[in-house]
Amino acid sequence: MILIRNLSFRYEGASRYALSGINFDIPDGDFVGIIGSSGAGKSTLSYALNGVVPHHFPGDYYGEVIVNGLDTLAVQPDMISRQLGSVFQDIDAQMTAAVVEDELLFGLENFAVPHNEIEGRITSALDAAGIGNLRQRVISSLSGGQKQKVAIAAITALRPRVIVLDEPTGELDPQSSRKIFEYLRELNEQYGITIIIVEQKIMLLCEFCKRLAVMDKGTLSLEGSVAEVLQHGESLEQAGVNIPRVTTLGRRLKEKNLYKGALPCNLEQAVTMMRSLSYSAEPTAGMDHSAGAVPC
Ligand SMILES: Nc1ncnc2c1ncn2[C@@H]1O[C@H](COP(=O)(O)OP(=O)(O)O)[C@@H](O)[C@H]1O
Ligand SMILES: [Mg+2]
């Protein structure tokens with residue numbers, strides 16, 4: 001369980017607060033997506049979760065972050081990292097070894113994992129990430145997506161209860177981005193690992209996350225289930241978040257009293273919504289239900 005209470009933070013020398021009065025609870029086993037425009041404070045929040053803020057980035061810090069009972073201010077970040085593993089935005093900076101196998105090994109040795117457990121942990125983390133075949137590869141020769149998986153495998157080998165990822169798909173194509181999310185879902189569902197992911201691709205967040213948190217100018221402007229958050233179109237636009245087009249279509253239909261159900265956030269749900277319309281909606285003056293142009 002993670003508790004964030006009245007958290008405010010201003011980087012040393014900065015004129016404004018990067019985080020301002022954040023309150024947010026994240027229960028075990030959650031899968032939370034954090035979204036918001038550039039500079040909203042998403043990375044700073046992820047640093048606050050692992051104690052890098054304020055231990056490595058000093059500044060004015062108020063409030064508290066409690067990770068599985070540990071106050072991040074009271075203990076050093078390496079204590080937190082046993083509970084909460086972080087995959088940072090800059091993957092290359094995070095890699096410390098030359099070869100994939102060593103990247104996992106260093107972390108396990110650092111955590112003083114018993115020697116007879118190490119081989120099993122490396123094998124299972126690489127296999128779970130689907131990169132068992134990359135074990136002996138030189139990291140610098142890997143693609144962006146493969147490096148992401150190495151970084152995630154290195155974290156999962158340590159078996160933290162929470163994984164925080166800051167824009168892990170930023171440089172990946174749609175297919176590789178999806179694969180990362182599918183792998184995170186597996187970690188979440190099969191191993192109960194809490195996933196907290198900062199991500200700009202709202203369609204992926206809508207499909208995979210249980211909850212969404214929207215950041216706007218250092219504040220947590222909205223949070224709730226994906227469906228709940230998507231209802232707040234105007235606040236999302238204000239926070240610079242583009243909602244899926246199918247959701248906008250659902251909102252427009254609701255405004256015209258043509259649809260009363262939950263807002264769709266993917267194509268499948270949009271199809272269900274449209275089917276319910278064609279069975280229930282009375283033909284409206286000026287609307288041609290027979291053929292019509294494809295909405296865009
Ligand atoms: N190391 C730093 N020193 C001073 N200000 C920073 C530092 N890192 C980020 N900031 C500022 O904090 C605010 C939030 O940044 P950040 O958390 O990186 O936002 P996001 O990840 O949502 O783009 C921005 O105004 C940014 O300029
Ligand atoms: Mg960021």
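The buried residues of helix H7 in this predicted model are Gly 145, Lys 147, Gln 148, Lys 149, Val 150, Ala 151, Ile 152, Ala 153, Ala 154, Ile 155 and Thr 156. The helix is thus mostly covered, with 11 of its 13 residues buried. Readers following along in the structure will find H7 at residues 144–156, where it reaches 18 Å from its first C-alpha to its last, close to the 18 Å expected at 1.5 Å a residue. The packing partners of these buried residues include two strands, S6 (84–87) and S7 (162–166). Helices H4 (91–94), H5 (100–110), H6 (115–128) and H8 (174–191) also pack against the buried residues of H7.

Two of these partners, S7 and H8, lead on to strand S8. S7 and S8 run parallel and are joined by five bridges, with Val 162 standing opposite Thr 194 in S8. Between the two strands the chain passes through H8, and this β-α-β crossover from S7 to S8 is right-handed. Strand S8 is also joined to strand S3 (residues 31–36), by four bridges, and this pair runs parallel as well. Here Phe 31 is found opposite Ile 195 in S8.

Strand S8 itself, at residues 194–198, is largely enclosed by the rest of the structure, because five of its five residues are buried. Both of its faces are covered. On one side lie the buried residues Thr 194, Ile 196 and Val 198, and on the other lie Ile 195 and Ile 197, also buried. The two residues of S8 met above in the pairings therefore both belong to this enclosed strand: Thr 194 on one side and Ile 195 on the other.

Key. Residues numbered from 1 in each chain as written. Chains lettered and ligands numbered in written order. Predicted model: local features only at pLDDT ≥ 70, side-chain atom pairs only at ≥ 80, totals over all residues. Heavy atoms only, no water. Expected span 1.5 Å × (residues − 1). Buried < 20%, exposed > 50% of the residue type's maximum accessible area, 1.4 Å probe, protein only. Contact = heavy atoms within 4.5 Å. Pairing = 2+ DSSP bridges. Right-handed = clockwise from strand over helix to strand, strands pointing away.
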